[in-house]
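Thanks for coming, everyone. I have one structure to walk through today. Please pull it up and keep it in view while I talk.

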Amino acid sequence: MAKLLNDDEIVAALTKLPYWKREGDSLERTAELASFPQAIQVVNRVAEIAESADHHPDIDIRWRTLTFRLSTHSAGGLTEKDVSLATEIDGVVDAL
Ligand SMILES: C[C@H](O)[C@H](O)[C@H]1CNC2=NC(N)=NC(=O)C2=N1
């Protein structure tokens with residue numbers, strides 16, 4: 001099972017993830033895209049990445065604004081899997 005990150009490790013990871021904040025046991029980011037279809041494109045690409053990694057985000061879709069919440073449910077908190085998925089999501093959002 002993935003190892004839980006401690007508070008210092010989470011703070012260190014967040015210095016490299018400026019769009020993300022910690023909300024308790026989750027990492028959270030909002031992204032506003034140019035249109036609803038673009039937002040759905042991002043969701044579809046993130047879904048592919050999540051399936052490959054077998055690590056799935058919570059995603060809230062409101063018109064063209066997406067909110068991603070990442071946590072490793074099996075470990076009961078944040079792990080390197082969440083940091084890695086956050087980095088991948090940033091790449092998807094940046095690509096549009
Ligand atoms: C069996 C499978 O590996 C698990 O159910 C995976 C699926 N996706 C997951 N996603 C997230 N975010 N946390 C998990 O603990 C998790 N577990």
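Let's start at the ligand. This is a predicted model, so keep that in mind throughout. Which residues are around the ligand? There are two runs in the numbering. One is Asp 54, His 55 and His 56. The other is Ser 71, Thr 72, His 73 and Ser 74. By character, this shell has six polar residues, one charged residue and no nonpolar ones.

Take Asp 54 from that shell. Asp 54 sits in the loop between α2 and β3. Its phi is near 50°, which is positive, and the residue is not a glycine. Is Asp 54 buried or exposed? It is exposed, because just 7 other C-beta atoms lie within 10 Å. The cut-off for exposed is 12 or fewer.

Now step back to the whole chain. The protein has three helices and four strands. Reading from the N terminus, the order is α-β-β-α-β-β-α. Along the principal axes, the C-alpha atoms fill a box of roughly 35 × 25 × 20 Å. What about the radius of gyration? The protein has 13 Å. A compact globule of 96 residues would be near 12 Å, so the two agree. Buried residues account for 23% of the 96 residues. Then the contacts. Take those between residues at least 6 apart in sequence: 64% of them join residues at least 24 apart.

Next, the core. The largest nonpolar core has 16 residues. Which of them touch the most other members? Those are Leu 27, Val 42, Leu 70, Ala 86 and Ile 89. Three elements give two or more residues to this core: α2, residues 36–53; β4, residues 65–70; and α3, residues 80–94. The most come from α3, with five residues.

Stay with Leu 70 for a moment. Set aside its neighbours within four places in sequence. Leu 70 is then in contact with Ser 26, Leu 27, Pro 57, Asp 82, Leu 85 and Ala 86.

Leu 70 also belongs to one face of β4. The covered face of β4 is Leu 66, Phe 68 and Leu 70. The uncovered face is Thr 65, Thr 67 and Arg 69.

So what does β4 pair with? Begin with β2, residues 26–32. Six bridges join β2 to β4, and the two strands run antiparallel. If you want a landmark, Thr 30 stands opposite Thr 67 in β4.

Then β3, residues 58–62. Five bridges join β3 to β4, and this pair is antiparallel too. Two landmarks here. Asp 58 stands opposite Arg 69 in β4. Arg 62 stands opposite Thr 65 in β4. How many of the five residues in β3 are buried? Zero, and the strand is hardly covered.

Look at how β3 and β4 connect. They form a hairpin, with two residues between them. One residue in that turn is Trp 63. Trp 63 lies in the loop between β3 and β4. Its phi is near 50°, a positive value, and again this is a residue other than glycine. Trp 63 counts as exposed, because it has 10 C-beta neighbours inside 10 Å.

One last residue: Ser 26. It lies in strand β2. With 18 C-beta neighbours inside 10 Å, Ser 26 counts as partly exposed. Why not buried? Because buried takes 20 or more. Leaving aside neighbours within four places in sequence, the contacts of Ser 26 are Arg 69, Leu 70 and Ser 71. Ser 71 should sound familiar, as one of the residues around the ligand. There is also a long reach in sequence here. Ser 26 and Gly 77 are 51 residues apart along the chain, yet 6.8 Å apart in space, C-alpha to C-alpha.

To recap. The ligand shell has no nonpolar residues. The largest nonpolar core draws the most from α3. Strand β4 is joined to β2 by six bridges and to β3 by five. That's my tour. Over to you.

Note on methods:
Residues numbered from 1 in each chain as written. Predicted model: local features only at pLDDT ≥ 70, side-chain atom pairs only at ≥ 80, totals over all residues. Near = placed C-beta within 6 Å. Nonpolar A, V, L, I, M, F, W, Y, C, P; charged D, E, K, R; others polar. Core = buried A, V, L, I, M, F, W, Y, C linked by C-beta atoms within 7 Å. Contact = placed C-beta atoms within 7 Å. Pairing = 2+ DSSP bridges. Rg over C-alpha atoms; globule rule 2.2 N^0.38 Å.
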